[in-house]
Amino acid sequence: MEANADQQKLQELEKKVRVLTKKLERSEADRQQLEATSEEREHILKGVIRDFELSQSSLENRTRELEIALRDLKQLQVKLIESEKMSALGVLVAGVAHEINNPVSFIRGNLSHIKVYTQDLLRLITAYQQHNPNPSQVLKDLMEDIDLEFLREDMINILKSMQIGSERIQKIVLSLRNFSRLDESKFKAVDIHEGIDNTLLILQHRLQATTTRSAIQINKQYGDLPLVECYAGSLNQVFMNLLSNAIDALEDANSMCTDQDVKHHPNEIWICTEVNDRNQIKITIADNGQGIPEEARSRLFDPFFTTKPVGKGTGLGLFVSYQIITEKHKGKLSCQSTLGSGTQFMIEIPVQQPLLPSR
Amino acid sequence: MLKMILGHSDDPDSQGAIEEVLEQCIRDLAGMLPKAGLLFAAIDFDHALILETINQTFPDLQLIGCTTDGEMSSILGFQQDSLTLTLFCSDTVDIYAGVGRQAEQDAIAAAHQAVQQATEKSLTPTKLCITVPASYTANGSTTSGEQILKGLELALGANVPIVGGSAGDQFRFQKTYQFFGTEVFTDALPVLIFSGDLRLSHGTGCGWQPIGSKSTVTKSQNTVLYEIDGQSALEFYQKYLGDRQPTAEHPLYVYEGDSDRCYLRVPNTCDLETGSINFLGNIPQGATVQLAEISRDQVIAASETSFKMALEHYPGTEPEAVLIFSCCCRRWLLGTRAKEEYALVKNALPKMMPIAGFYTYGEFAPLQQQGSNYYHQETFVTLLLGTA
């Protein structure tokens, strides 16, 4: 009986040993597999992270592309607006110049006759006076009434000033016609100095002394320039933008100083031209205004960037100028500015345009 | 009345194990005679010896079975290296076994053969087909779960639910065995056909989650996947796995067309030269695929979903038996938590009832009640049986 129980116990123990041995084998195998799996899952995780990184960088690229596309579009839009505006303005200016030119020609043409007639009439009056030294009371009253002596003097002055005025109108009309040159579609070899001078003439009213300040002094240091192949109208637009900005800068600077300061430190604009050794012309337009703050300098040529008050600047002047110089003329437009002492803009364009199909 | 009697032994010795199993069964049968049985056995046993012993005890038993990747029963819970025998007794349900041979060569013919053998003795219409077909055959090649399913549907008609799982070999992926009566096969398709007064319901759950970016299958043919997004299938996997070869733990989610419906496909073998991967299931060209990853919590939650879905749809008052078929990859990835799958089902039961099941190499179950049958992977299938 006891032997039987022992036998059963032994059998149970044997089974337990078998089960435990099998379980041990199994758990050893499981452990190895688990280790392999854990490594595998680690790889997967890394793979997924790589996936994310890839899709992130492709997103970033796409964003960049879109930003560039947006910028290009904006530029295109600005160019379109500007060229529309400029061509409309060009036509308008040319039209106005033409329309004014005719009546001014009548005035100017007839002024010489008026002058002769006036002198004749004055001579006649003098002769009358000599022949009739004691005129009647009626004539005396009339002479006194019209202040004959003053009239005689002033009439000549008025005619002189009319002559000067009409000459100036004619010059301005000529400048306007030159400035607006409707020759945008092709390069022409032109005298750059003429373009600058025309621009200055148009801006004359802004350079003159006002009740609040004295005249802005223009210092020209013109070098010996050859004729330069360019889009003259566009280039004039650049001169206009840079000179207007210089005048704005000086006016800004004045508003921050006393009249005394301005007297000691008169407003000046320098215009220098030269030919550099790379067969390029270099035009420098500088002012002695307040200079441009550093944070604005990097954005000067961005479209719609302006430091001027709303309504005064569009933020397009320098942007368009930059496009005209760099793209149309394959040149360079750069800026140097020192806070407190002024700003200078440098235009560099080749004397001859490379790869010009018409040449 | 349908009674499910269980025997379960963790004795690694074949003779010891089957003796223990039969002892438990005979005790619980209490004189009843079982009609049919399901044998789930670990791969290392002497299967012929076990079958012979069962045959000596129950000579007329309609028995099928297979080797597995882990066995479960309400006696020992979840086990590996164990032996489970499930016996069915009923006076109102007819159960017959059949087997089809050479399922790898011609699954359609094998299915026809198996169904015919099982149904020729049956007088009433088939209510359910349980199958435990071969996966890895003697020469290491695999059967097509989809072809087997197609064959069974052709032989049974599309309205008969087909539930079960492919045989396993403890995650070795070399050779699996199937049982019919006293015979042991490596490429057979055994079936158990239920007819008569049977009520049943089933449920499925998966729990894998897609991870990484979605890609498109640019070249594939049946189960062989050649290219994803123009690069070789292997390169796609290597992006995630490094120089490791793709394994069953990392299946692909396959999305067809614009539909939300997606299913998993498990990689099986790969050709290092061409970079192609052979899957345990078809991958259609043009489909969108995404690598799948598991979170153990979600995998376990899916088991519960599967069970609840089955219980909710049970057409009678209360089931009498539970069969579960869970994918080997679930067992593998759950590790020590694999027993939770079984425990969840056990705890969710309204009352104590016998549970048996095994970890498979591919699961069969309809997607919905009275819905079309489907060949699943990485899935947990619950089958509830009863007569009331």
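**Notebook: helix α6 and the sheet of chain A; Gly181 of chain B**

I began with α6(A) and found that 18 of its 24 residues are buried, so that the helix is mostly covered, where buried means 20 or more other C-beta atoms within 10 Å. I note that the model is a predicted one.

I then checked the length of α6(A). At 1.5 Å a residue its 24 residues should span 34 Å, and the end C-alpha atoms are indeed 34 Å apart, which agrees.

Next I traced the sheet in chain A. I recorded 5 strands in an open sheet of mixed pairing, ordered β2-β4-β5-β7-β6. The edge strands are β2 (217-221) and β6 (332-338) of chain A, each paired on one side only. From one strand to the next I noted an average twist of 15°.

I looked up what packs on this sheet. Helix α6 (residues 232-255) of chain A does, touching β4 (268-275), β5 (280-287) and β7 of chain A, and its direction makes about 20° with that of β5(A). Helix α9 (residues 317-328) of chain A lies across β6 and β7 of chain A, running at about 130° to β6(A).

I examined the pairing of β6(A) with β7 (residues 342-350) of chain A, which is antiparallel over 7 bridges. For Lys332(A), I found the bridge partner in β7(A) to be Glu348(A).

Finally I turned to chain B. Gly181(B) sits in the loop between β10 (178-180) and β11 (183-185) of chain B. I counted 16 other C-beta atoms within 10 Å of Gly181(B), which is therefore partly exposed. Leaving out residues up to four places away in sequence, Gly181(B) touches Asn55(B) and Leu63(B). Pro59(B) is 122 residues from Gly181(B) in sequence, yet 9.0 Å away in space, C-alpha to C-alpha.

How values were computed:
Residues numbered from 1 in each chain as written. Chains lettered and ligands numbered in written order. Predicted model: local features only at pLDDT ≥ 70, side-chain atom pairs only at ≥ 80, totals over all residues. Pairing = 2+ DSSP bridges. Helix = DSSP H or I, 4+ residues; strand = E, 2+ residues; numbered from the N terminus. Axes fitted to C-alpha atoms, helices over the stretch in contact; angles between N-to-C directions. Contact = placed C-beta atoms within 7 Å. Expected span 1.5 Å × (residues − 1). Buried ≥ 20, exposed ≤ 12 C-beta atoms within 10 Å, placed from the backbone.
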